[in-house]
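These are my notebook entries on one protein structure. I set down what I looked up, entry by entry.

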Amino acid sequence: AWEKLGTASVSGTTANTSWKELDRATVSSGDTLDTSTFTAKDNMMILCYTVGSGTVHPKLHFNNDTGSNYAFRYSGNGGSDSTSTSQDYFRIQGGISGSPTQFSVSNVVNVSSQEKLITSHLIANQNTGAGNAPTREENVGKWANTSAQINRVDCDNGQSGDYASGTELVVLGYDNDEADSGTNFWQELGKDELTSASGSMSKTIAAKKYLMVEWFANADGGNNVEPRIRFNDDSGSNYANRINRDGTGEATNTNQSNITTSVTDHNTDEHGIAYIINVSDKEKLVISHSSADSGWSSGYSRRETVGKWVNTSAQITNVKIYNNNTNNLGSGSWIRIYGAD
């Protein structure tokens, strides 16, 4: 699916596999955020962005099933796992007060004869401002139905507050043997590839509500690389993040001049991908995962980051990845940016 991102439209062969929009739903108030029935696909990506009025708890239901047919395992802010079985929903977040904004990305394997397996990552912004780090949650789970594919998704609120204006649910999908025509959801907005060593790489893009940023930082045979991300060339103390290395050592950083995307500062290549909700009058929320060659003494190999850029007056129109030390990113480093409204 990924190599076909950025093709404006496709038709006719299995080479056209990529994410298509299946359905979306919006709400200006209340607790209900439901799609209509859509054409089922083997693979699904669910983007759920909620704006809270009071305490909200986004929960997924499939095919309007509210029976005890869900089970999940979850962890908040790097804490110990908890499990829950025979539930009537799949958990995205356990409920946050203070009128938060929340953004989650969930992936589902949607095979008719198998239980539907789900992975989900969420960032929640309970308190605004760069002095307050966001929170995060990781969830894995299943819907135990083995007789039908998912063809409807609900992301309803399970707490005493309400969803406010701007709340939206977008469902993407593709078949393993995708052969239909249509427009891909994730359109390439721009890319930058270094042909010689440089301290940074960046691209100015059209403003889009949803962004996906992928990058590769080449250590070039020995340079220390520590990739960081900035938006719209803002180097002020307008970022905050929460990070975790290899499943241990949760840490927060506030009033920062960037969002830390690197695994560590060392002489190893790194690769990462980030999903961003990019609403003009809201803080920009980022979910990032990165990995590195662990062939050095400290042995770190992956990082999970959630972060935010606290600008509430403009959308992101420039993305920069730069090396946060005196060395350069090596030739062959690249950044690719995709987006959709």
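**Entry 1: Asn-232 and Ser-86**

I began with Asn-232, which counts as partly exposed because its relative accessibility is 26%; the scale takes buried as under 20% relative accessible area, exposed as over 50% and partly exposed as in between, with a 1.4 Å probe and protein chains only. I note that this is a predicted model, in which local features need pLDDT of at least 70, side-chain atom pairs count only at pLDDT 80 or more, and totals for chains, interfaces and linings use all residues. Residues are numbered from 1 along each chain as its sequence is written, and side-chain values use heavy atoms, with hydrogens and water left out.

I located Asn-232 in the loop between strand E15 (227-231) and strand E16 (239-245). Strands (E, at least two residues) and helices (H or I, at least four) are DSSP runs, numbered from the N terminus. Asn-232 is not a glycine, yet its phi is positive, about 55°.

I then looked up Ser-86, another residue other than glycine with a positive phi, near 50°. Ser-86 belongs to strand E5 (residues 82-87), and it counts as exposed because its relative accessibility is 51%.

**Entry 2: the disulfide**

How many disulfides does a search of the whole structure find? I recorded 1, where a disulfide is a pair of cysteine sulfur atoms within 2.5 Å. Cys-48 and Cys-155 form this link, with their sulfur atoms 2.3 Å apart. The pair joins distant parts of the chain, since Cys-48 is in strand E2 and Cys-155 in strand E10, 107 residues apart. The angle about the S-S bond is -95°, and the link is left-handed.

I checked the accessibility of both partners. Cys-48 is buried, at a relative accessible area of 2%, and Cys-155 is buried too, at 0%.

For Cys-155 I listed the contacts (heavy atoms within 4.5 Å). Beyond its neighbours within four places in sequence, Cys-155 meets Leu-33, Asp-34, Cys-48, Pro-58, Lys-59, Leu-60, Ile-92, Tyr-163 and Leu-169. I also noted that the C-alpha atoms of Cys-155 and Val-170 are separated by 10.0 Å, with their positions 15 residues apart along the chain.

**Entry 3: nonpolar cores**

In soluble globular proteins, nonpolar side chains tend to be buried together. I therefore looked up the nonpolar cores, each a set of buried Ala, Val, Leu, Ile, Met, Phe, Trp, Tyr and Cys residues joined through side-chain atoms within 4.5 Å. The largest has 28 residues, and Phe-62 and Val-153 have the most contacts inside it. Two or more residues come from each of strand E1 (20-30), strand E2 (43-53), strand E3 (58-62), strand E4 (70-76), E8, strand E10 (153-157) and strand E11 (162-174). A second, separate core has 24 residues, among them Trp-19, Phe-103, Trp-186 and Ile-277.

Which residues does Val-153 contact, its neighbours within four places in sequence aside? The list includes Leu-33, Phe-38, Met-44, Ile-46, Leu-60, Phe-62, Leu-169 and Val-171.

**Entry 4: the cavity and Ser-104**

Rolling a probe the size of a water molecule over the atoms shows where empty space is left. I found 1 cavity of 30 Å³ or more in a search of the whole structure. On a 1 Å grid over the protein atoms alone, a cavity is a set of points where a 1.4 Å probe fits but cannot get out, and lining residues have an atom within 4 Å of a point. The largest cavity has a volume of about 50 Å³, a volume being the space filled by probe spheres set on the points, which are joined across faces, edges and corners.

Its lining consists of His-121, Leu-122, Arg-136, Glu-137, Glu-138, Ile-287, Ser-288, His-289, Glu-304, Thr-305 and Val-306. Strand E8 (116-125), strand E9 (135-143), strand E20 (284-292) and strand E21 (302-309) each supply at least two of the lining residues.

I added Ser-104, which lies in strand E7 (residues 101-109) and is buried at 1% relative accessible area. Apart from residues up to four places away in sequence, Ser-104 touches Ile-46, Leu-47, Cys-48, Ile-92, Ser-120, His-121, Leu-122 and Ile-287.

**Entry 5: Met-201**

I closed with Met-201 in strand E13 (residues 200-204), which is buried at 1% relative accessible area. Met-201 and Thr-26 are 175 residues apart in sequence and 35 Å apart in space, C-alpha to C-alpha.

Note on methods:
1 Å grid on protein atoms, 1.4 Å probe; cavity = no way out; pocket = protein on both sides within 12 Å on 5 of 7 lines; lining within 4 Å.
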